[in-house]
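Subject: The structure you asked for

Hello,

Here is the structure to open on your side. Have a look through it first, and then read on below.

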Amino acid sequence: MATQRFDAVVVGAGFAGLYMIHLLRGEGLSVKGLERAGGVGGTWYWNRYPGCRCDVESLDYSYQFSDPLQQEWVWTERYSAQPEILAYAEHVATRFELRPLIQFETRVTSAHYDEHTHRWTVATDKGDVFDTRFLIMATGCLSAANTPAFPGLRDFKGRTFHTGLWPQNGVDFTGRRVGIIGTGSSAIQSIPLIAAQAADLTVFQRTANFSVPARNRPSDPAAVARVKSNYPDYRRRARQQAAAFGPDNPRGLDSVLAATPAQRQRRFEEYWQLGGFMFLGAFGDLMLNEAANAYAADFVRSKIREMVKDPQTAELLSPKGIIGCKRLCADTHYYETYNRANVHLVDVSQHPVERFTTRGLVAGGVEYTFDDVVFATGFDAMTGSLLRMDIRGKNGVSLNEKWAAGPLTYLGLMIAGFPNLFTMTGPGSPSVLANMVTGVEQHAEYIHDVITWLRKENANAVEARIDAERDWVQTVNVRSQLTLYPRCNSWYLGANVPGKPRVFMPYIGFPDYTAKLDDVRAEHFAGFELQR
Ligand code: NA7
């Protein structure tokens with residue numbers, strides 16, 4: 001196949017890729033989008049499991065770059081379900097005429113940089129070769145599905161599914177004996193629905209997770225009208241929040257340690273009723289201090305005991321550690337589902353899932369037989385989608401070598417030694433700890449600005465300076481140490497993937513990050529270096 005030449009190749013057509021393509025085309029660049037899926041939507045294309053829903057409210061989890069777009073789109077629920085978010089991504093692709101620029105069902109296999117031409121050669125599984133100046137990785141943070149390498153998996157005669165690679169047309173579990181491995185967010189959302197359909201559902205839990213009721217409901221027209229009457233102001237205030245959403249959400253700023261038992265109980269109950277992530281805003285110090293956090297964790301455990309009738313099951317479902325350290329889950333009737341006669345919980349914390357057989361799987365020396373097994377086992381988060389490609393920068397150094405001890409980036413946007421390569425919401429940026437749509441818009445606009453600067457300066461390439469990268473990695477690390485986040489085995493740390501370096505990947509605090517980006521821009525993109 002003949003090599004095709006572009007100014008920019010954007011890998012991924014999720015929310016990040018769509019807006020990036022839109023911006024670069026607007027600048028007059030020739031742009032090619034490459035997407036392994038058959039359509040746009042990224043995460044929301046793949047995660048079609050029953051109950052899949054966003055845990056950020058719909059008025060926040062949407063683009064703000066176009067006021068007509070945010071005014072005209074109608075979200076039907078407080079927390080959007082996957083089909084509606086996918087429909088929104090499809091609407092955006094149509095409205096801004098992005099599809100003609102995207103090649104679907106095409107996986108990038110390698111990307112190599114040539115220091116003499118300052119260009120990237122990108123190869124795909126379809127045999128295409130692209131020659132491009134800029135390469136933008138809009139590859140998503142939770143897109144590399146993680147299926148543990150269980151011995152004997154190939155021998156299993158039943159059906160298997162991964163929540164993050166769900167069949168396009170759904171799955172009918174009616175009358176089936178189903179096993180599900182994992183109790184993260186995907187499991188917690190899907191278990192109530194699978195349980196309602198299947199003959200029998202067995203949940204294999206390695207670590208109990210904290211979950212709070214989402215309290216999803218139809219959108220409130222009055223609240224929507226209020227936000228839409230001045231959406232830009234709502235967005236501006238949202239960007240000032242630590243996670244870039246919910247500017248009007250109540251937040252307790254005082255310390256739980258200063259409250260009386262009755263005050264504590266009342267406040268936690270009030271925030272429990274609000275639903276979703278808001279629970280962790282009940283007091284100002286819940287994520288800063290282990291003793292403070294323990295009060296919130298105790299409250300949730302008491303709720304689990306109220307909701308789950310069998311005391312032994314309630315005990316097993318009660319998480320031991322820090323609430324919010326692993327991402328908090330928001331559910332609809334998750335704990336109550338364990339009161340159903342057809343739902344069984346198996347603790348695999350001490351006796352792991354050992355192997356698969358033709359009929360099912362063995363855990364703790366017991367064979368469990370199934371028609372279907374669901375892997376709700378998560379993702380190789382934040383770095384997986386990048387490291388699964390053969391990316392080579394200057395001197396042929398691979399990204400896998402560069403990141404052998406953990407990801408190194410400048411601002412989560414660029415990597416020293418990999419000129420003209422940009423990562424969107426990569427490690428070192430607020431990414432998964434903030435509203436992802438706001439994060440991708442911020443990055444798309446910043447990458448656009450860096451490229452515009454380079455072109456104005458008549459340069460051939462831009463690269464992060466190694467010292468700037470080193471300082472930034474240190475900053476990200478130090479910030480995480482000030483919180484409780486590094487104190488558990490979360491995917492934020494890569495702890496869910498055997499052998500992955502244990503490094504806290506996201507930058508905590510959207511407003512400070514925004515201030516840093518603004519400072520860098522004001523200082524003529526300090527830390528970035530142009531090459532001519
Ligand atoms: P998560 O949150 O990473 O959850 C994966 C779950 O799978 C978690 O409970 C894991 O237990 C479990 N797991 C992984 N490997 C195994 C093995 N080998 N045996 C038993 N259990 C295992 O992924 P999700 O898809 O639920 O959610 C990802 C994000 O998507 C979520 O945070 C939201 O942002 C949306 P562990 O806790 O590691 O002991």
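What follows is a short tour of what turned up, going from the start of the chain to its later parts and ending with a few single residues.

Please keep in mind that this is a predicted model.

**The beginning of the chain**

Strand 1 (residues 4-11) pairs with strand 2 (residues 31-34) in the parallel sense, over 4 bridges. If you want a place to see this pairing, Val11 stands opposite Leu34 in strand 2. Between the two strands the chain passes through helix 1 (residues 15-26), and this β-α-β crossover is right-handed.

Strand 2 also has a link to strand 3 (residues 102-103): the two run parallel and are joined by 2 bridges. Here Gly33 stands opposite Ile102 in strand 3. As for the side chains, Val31 and Gly33 point one way from strand 2, while Lys32 and Leu34 point the other way. Residues on both sides are buried. This fits a general pattern: in a regular strand the side chains alternate between the two faces of the sheet.

Helix 1 is mostly covered, with 9 of its 12 residues buried. Among them are Phe15, Leu18, Tyr19, Met20 and Ile21. Its length agrees with expectation: at 1.5 Å a residue, the 12 residues of helix 1 should span 16 Å, and the end C-alpha atoms are 17 Å apart. Just after the helix, Gly28 takes a positive phi of about 90 degrees.

**Two open sheets**

One open sheet has 5 strands in the order 7-16-8-9-12, with parallel pairing. Strand 7 (159-162) and strand 12 (343-347) are at the edges with a single partner strand each, so one side of each has no neighbour in the sheet. On average, neighbouring strands of this sheet are turned by 20 degrees against each other, direction ignored. Strand 7 and strand 16 (residues 372-375) pair in the parallel sense over 4 bridges, and Arg159 stands opposite Asp372 in strand 16.

The other open sheet has 3 strands in the order 13-14-15, and its pairing is antiparallel. Strand 13 (353-356) and strand 15 are the edge strands, each pairing on one side only. The twist averages 25 degrees from one strand to the next. Strand 14 (residues 360-363) and strand 15 run antiparallel and are joined by 4 bridges; the bridge partner of Gly360 in strand 15 is Thr369.

**Phe370, between strands 15 and 16**

Phe370 sits in the loop between strand 15 (366-369) and strand 16. Is Phe370 buried or exposed? With a relative accessible area of 6%, Phe370 is buried. Not counting residues up to four places away in sequence, Phe370 touches Phe156, Arg177, Val178, Gly179, Thr202, Phe204, Arg359, Gly360 and Leu361. The C-alpha atoms of Phe370 and Arg176 are separated by 7.8 Å, although these residues are 194 residues apart along the chain.

**Helix 16**

Helix 16 (residues 510-522) has 13 residues, which should span 18 Å at 1.5 Å a residue; the end C-alpha atoms are 18 Å apart, which agrees. Which residues of helix 16 are buried? They are Phe510, Tyr513, Leu517 and Val520. Seen down the axis of helix 16, these buried residues fall within an arc of 85 degrees, so they line one face of the helix. The general background is that an α-helix has 3.6 residues a turn, so residues three or four places apart point the same way. The cover over the buried residues of helix 16 includes helix 7 (231-239), helix 14 (436-456), helix 15 (466-481) and strand 20 (528-531). Helix 16 is followed by His524, which has a positive phi near 55 degrees.

**Two more positive phi values**

Most residues other than glycine have a negative phi, and here are two further residues to look at. His118 has a positive phi near 60 degrees and lies in the loop between strand 4 (108-114) and strand 5 (119-124). At 12% relative accessibility, His118 counts as buried. Arg215 has a positive phi near 55 degrees and is found in the loop between strand 10 (211-213) and helix 6 (221-229). Arg215 is partly exposed, with a relative accessible area of 28%.

Happy browsing, and best wishes.

Conventions:
Residues numbered from 1 in each chain as written. Predicted model: local features only at pLDDT ≥ 70, side-chain atom pairs only at ≥ 80, totals over all residues. Heavy atoms only, no water. Buried < 20%, exposed > 50% of the residue type's maximum accessible area, 1.4 Å probe, protein only. Pairing = 2+ DSSP bridges. Right-handed = clockwise from strand over helix to strand, strands pointing away. Axes fitted to C-alpha atoms, helices over the stretch in contact; angles between N-to-C directions. Expected span 1.5 Å × (residues − 1). Arc of directions from axis to C-beta. Contact = heavy atoms within 4.5 Å.
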